[in-house]
Amino acid sequence: MVTDQLRDSYDVVVVGGGAAGLSGALMLARARRSVVVLDAGAPRNAPAAGVHGLLARDGMSPAELLERGRAEVRQYGGQVVTGEVGAVAREDSGFAVTLADGRTVRARRLLVATGLVDELPDIPGLRERWGRDVLHCPYCHGWEVRDQAIGVLGSGPMAVHQALLFRQWSDDVTFFAHTMPPLAGDEAEQLAARGISVVDGEVASLEIVEDCLVGVRLSDGTVVDREALAVSSRMTTRAGFLAALGLKPVEHPSGAGEHIPADAAGRTEAPGVWVAGNATDLMAQVGTAAAAGAAAAAQINADLVAEETRQAVAARYSG
């Protein structure tokens with residue numbers, strides 16, 4: 001990846017170079033702000049073959065989408081620098097951002113768009129198939145596995161809901177209870193009503209033939225033929241460095257993981273810090289994350305304008 005020379009200070013440092021971060025940086029650069037994106041180079045959707053549901057870019061590879069985004073940010077004078085943020089400290093004029101390699105840069109405002117990490121169940125073969133025929137989001141991958149034999153792993157509080165969603169794309173859906181307690185009540189009734197079979201017993205591994213998922217093996221040796229497997233990962237934000245500013249991840253209301261709380265515009269409780277994308281919205285797809293980055297950037301620019309106006313008024317009357 002082409003990288004720019006890091007300067008000493010900027011109006012805004014954007015941490016994270018995915019859809020949210022690049023979209024925010026683009027908006028800020030077009031607003032004639034000095035902005036740099038610090039990108040660790042580990043996008044969440046890297047294993048996927050394509051980005052889906054994004055208008056005019058459906059099916060584009062994640063790598064190409066990000067490369068185009070970086071080029072657009074640079075076109076307006078923004079910078080993109082490879083590096084992982086290790087620490088952030090508040091200063092009188094803003095923030096000091098220290099990278100893992102020891103470099104330090106200063107910013108008046110921060111936009112954090114570091115995304116999240118998908119923590120998967122410890123089942124052999126699962127991680128290697130992630131983003132291919134082991135999936136999580138029906139809106140991202142449902143069309144690609146339409147009419148196939150789909151399994152849904154009971155691995156989290158959203159698993160039954162996930163099974164009901166995937167039923168929209170296939171009439172052959174099997175729910176693997178795995179380590180969940182036996183289903184009862186409304187959940188069991190809903191699955192039965194939709195023709196979703198339930199298989200009890202812990203899942204031991206995946207069956208792979210010629211680099212394709214062909215089945216799910218239970219701990220008793222039984223193999224259930226499946227062509228795709230949906231898994232509810234536990235999602236955790238990648239923003240531990242914010243703890244020094246008093247911002248710590250909290251459990252998301254869905255129970256699916258942790259996030260950094262923020263208002264609708266991405267403003268956090270820490271003055272001068274905004275957050276956008278999966279770091280705060282666990283369910284955001286690429287389009288939603290990009291929109292959130294742009295919205296947060298507009299608010300950041302407005303905040304800077306207000307500050308500059310106060311300073312200009314004060315300077316006028318102090319003379």
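Helices (H or I, at least four residues) and strands (E, at least two) are DSSP runs, numbered from the N terminus. This is a predicted model, in which local features need pLDDT of at least 70 and side-chain atom pairs count only at pLDDT 80 or more, while totals for chains, interfaces and linings use all residues. Residues are numbered from 1 along each chain as its sequence is written, and side-chain values use heavy atoms, with hydrogens and water left out.

**Exercise 1. Describe the loop residue Asp147 by its place, backbone, exposure and contacts.**

Step 1: Asp147 sits in the loop that runs between α4 and β9. Step 2: its phi is positive, at about 65 degrees, although Asp147 is not a glycine. Step 3: Asp147 counts as exposed because its relative accessibility is 66%, where exposed means over 50% relative accessible area, buried under 20%, and partly exposed in between (1.4 Å probe, protein chains only). Step 4: once residues up to four places away in sequence are set aside, Asp147 touches Trp169 and Ser170, contact being defined as heavy atoms within 4.5 Å. Step 5: Asp147 and Ser170 are 23 residues apart in sequence, and their C-alpha atoms are 4.4 Å apart in space.

**Exercise 2. Determine whether His178 is buried or exposed, and describe its backbone.**

Step 1: His178 belongs to the loop between β10 and α6. Step 2: the phi of His178 is near 55 degrees, a positive value in a residue other than glycine. Step 3: with a relative accessible area of 12%, His178 is buried.

**Exercise 3. Work out how the buried residues of helix α5 are arranged, and what they pack against.**

Step 1: helix α5 covers residues 159-166, and its buried residues are Ala159, Val160, Gln162, Ala163 and Phe166. Step 2: seen down the axis of α5, these buried residues fall within an arc of 160 degrees, so they line one face of the helix; the arc is that of the directions from the helix axis to the C-beta atoms. Step 3: as background, an α-helix has 3.6 residues a turn, so residues three or four places apart point the same way. Step 4: the packing partners of the buried α5 residues are the helices α4 (138-141) and α6 (185-193), together with the strands β9 (150-153), β10 (173-176) and β15 (228-231).

**Exercise 4. Set out the surroundings of two strand residues, Val15 and Thr237.**

Step 1: Val15 is part of strand β1, residues 9-15, and is buried because its relative accessibility is 5%. Step 2: leaving aside neighbours within four places in sequence, Val15 is in contact with Leu38, Val85, Leu111, Val112, Ala113, Thr114 and Phe241. Step 3: Val15 and Val275 are separated by 260 residues in sequence and by 9.3 Å in space, C-alpha to C-alpha. Step 4: Thr237 is part of strand β16, residues 234-237, and is buried with a relative accessible area of 13%. Step 5: not counting residues up to four places away in sequence, Thr237 touches Thr114, Gly115, Leu116, Pro249, Glu258, Ile260 and Ala279.

**Exercise 5. Find how many disulfides the structure holds, and state the burial of Cys137 and Cys140.**

Step 1: a disulfide is taken as a pair of cysteine sulfur atoms within 2.5 Å. Step 2: the structure holds zero disulfides. Step 3: Cys137 counts as buried at 12% relative accessibility, and Cys140 counts as buried at 17%.

**Exercise 6. Summarise the protein chain in terms of its elements, extent and burial.**

Step 1: the protein chain contains seven helices and 19 strands. Step 2: its C-alpha trace spans about 80 × 40 × 35 Å along the principal axes. Step 3: 47% of the 319 residues of the protein chain count as buried. Step 4: among contacts between residues at least 6 apart in sequence, 58% join residues at least 24 apart.
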